[in-house]
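Welcome! Let's take a walk through this structure together, from its empty spaces to its packed cores and paired strands.

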Amino acid sequence: MLSDMIMRLFLCWLFWLTCCLSIYAQTNDTKEVTGPDPLAFFMNSNTDSANYPMLVRAVNIFGNKKTKERLIEREIAIETGVFYSAHELSRRIRLTKEQLMNTTLFVTVDVVTDTILENEVDINIQVRERWYLFPVPYFKLVDRNINVWINDFKASLDRTELGLKVVHNSLSGRNDKMNLFFVGGYSQQIVANYYQPFIDKKLRQGFGLGFSMSRTREVNYATDSNRQQFFALPEFARQSIRAEATYSYRKGSQMRSYLRLSYNSEKMDSAIIALNPNMFGDGRTKAEFVDILASYQYFNVDYIPYPLRGWMVDFFALQRFSGSIPLTQFGGKMQATWRFAHKSYLNFQSSFAFTLSDKAQPYFNSRMLGYRSLYMQGLEYYVADGNMAAMIRSTFRREIIAFTLKNLIRSKSHSEIPFRIFLKTYGNLGYAHNKNPGNNFMNNQLWRTAGFGVDIMMVYDLVLKLEYSYNQFGERGFFIHTATDF
């Protein structure tokens, strides 16, 4: 009872703090303008000039070869034939650039003004498109992160997946995405999915279809002392099939809603069920279930993969229909970032998930802290199962250098490769509740970690994170991450 009360108080405090920081970030989101302000003369001269109405005569778009112009126009926050003050126009220029960059269609976006008369301007938008087609070799670790692979399995190449990955990020020029994976090695899988974000004239509704088949020789069958326990067979121990359909709705540029329906089939070898009869519950070797997932996202940031201004949220509700493993789960993640000094930024993140059930869940449904976005820096080797979990992280970042390198491969759109390097320090708090933790000693108590490191931002949303972390148990070490936090 006491642990339940602590968890509820912790979640309430987490929600309150996130809301406060999000509101603070939102009310200060006009203070930082990326790059030179094209209206600086009016903004800095005097208050009257900053408020002087300026007529936008035209908005011109240049550089798009594949991307449909209508798709770009959807993200532009400036209307022709409308008067704006210099201050408001500057804000809308910044917002236009951010929204275009967050489409992930362009390497760079430049938005500049061209003064026609004293109070009339044209807005010129110059974009450089990304490479959209990537037929590349596929290489992936089967373990949760690089450190587990290196330390627990001695960087064995037997624990890798190899194959071919074909990705097209704008098949028709409307930001529609197609993925084809053909993977072999330790695990085998075939994946095919397609997502079209805009199918109506108002560019609001979209759909997606996906199918995947996979089989693997090794299964995480239990958790012991907050460590995943694995068992491998010479043949394949687990087989999975998944088919899904998604409906999406985007009224504006910042709000996104999704409704996903999926059919799932999971089958385990009897040797796995002998080790853990509660894998699917009641000693079942197979589980078939239908998931309905609803999610809501809101992005008000300069750059989604690595925000330095603004806030964003992602909430979900999951209902799983199955006779063996029914599940109702809610969760989400939130992030707020703002600048408080030159090239210095404070970032706040939180993630949470909880299951609406007083009954113990099958092991297949119980993964919480340490998985996906609920991982904690400094506790990469540990996980916690249960019915609820939450994590908060605060990070101080300081940009120390930004530079570009000339691309050795001749390319008009990628003649230079940009790099930005940040020093950072961080702290994490986490909690996972489990009514029957067994010998998992880290459940039902507060997790605490801290550390420092370097983030390296590169082209195509790539972020390399080099971190030295330590935790409350006195353990410390060097960790590498490549995934974004959101």
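A cavity here is a set of grid points where a 1.4 Å probe fits but cannot get out. Rolling a probe the size of a water molecule over the atoms shows where empty space is left. Keep in mind as you look around that this is a predicted model. When the whole structure is searched, four cavities of 30 Å³ or more turn up.

Let's step into the largest cavity, whose volume is about 90 Å³. Its lining is made of 13 residues, and Gln99, Asn102, Ser253, Gln254 and Phe299 are the ones that lie nearest its centre. By type, the lining residues divide into four nonpolar, five polar and four charged. Helix H5 (86–101) and strand S14 (286–301) each bring at least two residues to this lining. H5 gives the most, with three residues.

H5 is also a good guide to the next stop, the largest nonpolar core. This core has 31 residues, and those with the most contacts inside it are Ile78, Leu89, Phe106, Val109, Ile123 and Ile125. At least two residues come from each of strand S1 (53–62), helix H4 (69–74), H5, strand S3 (106–117) and strand S4 (120–129). Of these, H5 supplies the largest share of the core, five residues. Recall that an α-helix has 3.6 residues a turn, so residues three or four places apart point the same way.

Which residues is Ile78 in contact with, leaving aside its neighbours within four places in sequence? They are Val56, Val59, Tyr84, Leu89, Arg92, Ile93, Thr96 and Ile123. Besides this core there is a second, separate one of 17 residues, which includes Ala237, Ala287, Phe364 and Tyr371.

Now let's follow a run of paired strands. Strand S9 (residues 205–216) pairs with strand S12 (residues 238–249) in the antiparallel sense, over twelve bridges. You can find one place along this pairing where Ser214 stands opposite Ser240 in S12. S12 in turn pairs with strand S13 (residues 255–268), again antiparallel and over twelve bridges. Together S12 and S13 form a hairpin, with five residues between them. To trace this pairing, look for Tyr249, whose bridge partner in S13 is Ser257, and for Arg238, whose partner in S13 is Met268.

From S13 the path goes on to S14, as 13 bridges join these two antiparallel strands. Among the residues to look for is Leu261, which has Ile292 in S14 as its bridge partner. S14 is a strand you have already met, since it supplies at least two residues to the lining of the largest cavity. As you look along these strands, remember that in a regular strand the side chains alternate between the two faces of the sheet.

Our last stop is helix H6 (residues 146–153). How many of the residues of H6 are buried, and which are they? The buried ones are Asn147, Val148 and Trp149. What covers them includes strand S5 (133–141), strand S6 (160–168) and strand S24 (476–481). Just after H6 you come to Lys154, which takes a positive phi of about 55°.

Conventions: Residues numbered from 1 in each chain as written. Predicted model: local features only at pLDDT ≥ 70, side-chain atom pairs only at ≥ 80, totals over all residues. Heavy atoms only, no water. 1 Å grid on protein atoms, 1.4 Å probe; cavity = no way out; pocket = protein on both sides within 12 Å on 5 of 7 lines; lining within 4 Å. Points joined across faces, edges and corners; volume = space filled by probe spheres on them. Helix = DSSP H or I, 4+ residues; strand = E, 2+ residues; numbered from the N terminus. Nonpolar A, V, L, I, M, F, W, Y, C, P; charged D, E, K, R; others polar. Core = buried A, V, L, I, M, F, W, Y, C linked by side-chain atoms within 4.5 Å. Buried < 20%, exposed > 50% of the residue type's maximum accessible area, 1.4 Å probe, protein only. Contact = heavy atoms within 4.5 Å. Pairing = 2+ DSSP bridges.
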